[in-house]
Amino acid sequence: MINSDAKKIIFSGVVLTLVGTVVCLFIKPVCAVICLISGVLQAALFCFFTFKRYKEINELNNYLSIVCTGNFDLDIDSNAEGELSILKNNLYKVIVLLRSQNELLTKERRYLSDSLADISHQLKTPLTSMMVMTDLIKNDVSRDKQKEFVSIIENQLEKMKWLITNLLKLSKLDAGTADFKIEDISARDVISDSTKPFLVMMELKGITLNNLSENFTLKGDKNWTVEAASNVIKNCIEHTEKGGEITISTQSTNIYDSIFIKDNGCGIAKEDLPHIFERFYHGKNSSDDSVGIGLALAKAVMEKEKGTILIKSQENIGTEFEMRFYKYIV
């Protein structure tokens, strides 16, 4: 179909050709023939290219209609010259962008579904345990048993509190709503605040803390950095047997500052190392108390601070984490 503007151009061309032909008849018949032939040829060429252009535009319109249905597997890339080719290439870029965004959304929906399933599983275990303990307490049990059940419920509540708190922190990091105040902070203060909550736990478990760190200034947000280091330390405690050791040391270079946290626990299997920072991941040497979000949170914090967290581990020998803070961010 030719639109009204093209029809007006064709009609005007026909009228001008006829008028020119009539005028040329009074001058010379040959001129009239030439005028008529040239007018007809121009009209034919105009119709040919107009039909061709409208055909390509119609094809692009059909492509866009297909894209609107959710089918992004189209290839309309063009290497030819011309305005329509430029339009084709730009549409192709838009389709590629929409395809990548659609794949990302699909991946995020799948990830959200898996995360909700993992969260449900993690919460269901302590909830079931507490419900059982509550039913037992309702029965006529001894005072000692009641104290034991209450202690179990308190432990499960503490586990749920830790899980929910860290999930909320991860959500804030994912949404980009976490406030990071990057400033000069003391490595000694970070290490002290990170280890303080676990001193009693390590004493009860018979784990020795060797603090070989030296003080220096690093760049980061103190509260979030302490959060990351605390989760690494907690992971080391969970994987260290009674009588083991956790060693904290530091290193400062011209390019970065590092905090090393090392244990002599069970270590991490080689096949688990690439996945150790994935959320809810459980390796074959994971402890029963491990939820699988502590290291993911630590990694997310380090990435927000433009740093990185590295890991080296050998089974039955131990694991070493390096929290690396770069002095210059490019």
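**A five-stranded sheet and its helices**

Strand 6 and strand 7 (residues 318-326) run antiparallel, joined by seven bridges. Within this pair, S313 faces T319 of strand 7. The model is a predicted one.

These two strands belong to an open sheet. It holds five strands in the order 2-4-5-7-6, and the pairing is mixed. Strand 2 (208-211) and strand 6 (308-314) are the edge strands, each pairing on one side only. On average, neighbouring strands of this sheet are turned by 15 degrees against each other, direction ignored.

Now go to the other edge. Strand 2 pairs with strand 4 in the parallel sense, over four bridges. Here N211 has I248 in strand 4 as its bridge partner. Strand 4 then pairs with strand 5, this time in the antiparallel sense and over seven bridges. T250 is matched with I259 in strand 5. Strand 4 and strand 5 form a hairpin, with three residues between them.

Next come the helices on this framework. Helix 7 (residues 222-238) lies across strand 4, strand 5, strand 6 and strand 7. Its direction is at about 170 degrees to strand 7. Helix 5 (residues 187-195) also packs on the sheet. Helix 5 touches strand 2, strand 4 (245-252) and strand 5 (256-263). The direction of helix 5 makes about 160 degrees with that of strand 4. Strand 4 and strand 5 are thus named among the contacts of helix 5 and also lie under the span of helix 7.

Turn to the surface. F11, V15, V19, V23 and I27 form a nonpolar patch there. Together they have about 490 Å² of accessible area. One of these residues, V23, lies in helix 1 (residues 4-27). Is V23 buried, partly exposed or exposed? V23 counts as partly exposed because its relative accessibility is 46%, and that class runs from 20% to 50%.

Finally, step back to the whole protein. It has eight helices and seven strands. Of its 330 residues, 34% are buried. The exposed area is about 20900 Å², and carbon and sulfur atoms supply 57% of that. Contacts across the sequence can be counted too. Among contacts with a separation of 6 or more, 67% come from residues 24 or more positions apart. The parallel pairing of strand 2 with strand 4 and the antiparallel pairing of strand 6 with strand 7 both sit within the mixed sheet.

Methods:
Residues numbered from 1 in each chain as written. Predicted model: local features only at pLDDT ≥ 70, side-chain atom pairs only at ≥ 80, totals over all residues. Heavy atoms only, no water. Pairing = 2+ DSSP bridges. Axes fitted to C-alpha atoms, helices over the stretch in contact; angles between N-to-C directions. Contact = heavy atoms within 4.5 Å. Patch = residues over 30% accessible without salt bridge, like charges linked within 9 Å, V, L, I, M, F, W, Y side chains within 5 Å. Areas by Shrake-Rupley, 256 points an atom, 1.4 Å probe, with all protein chains shown as cover. Salt bridge = Lys/Arg side-chain N within 4 Å of Asp/Glu carboxyl O. Buried < 20%, exposed > 50% of the residue type's maximum accessible area, 1.4 Å probe, protein only.
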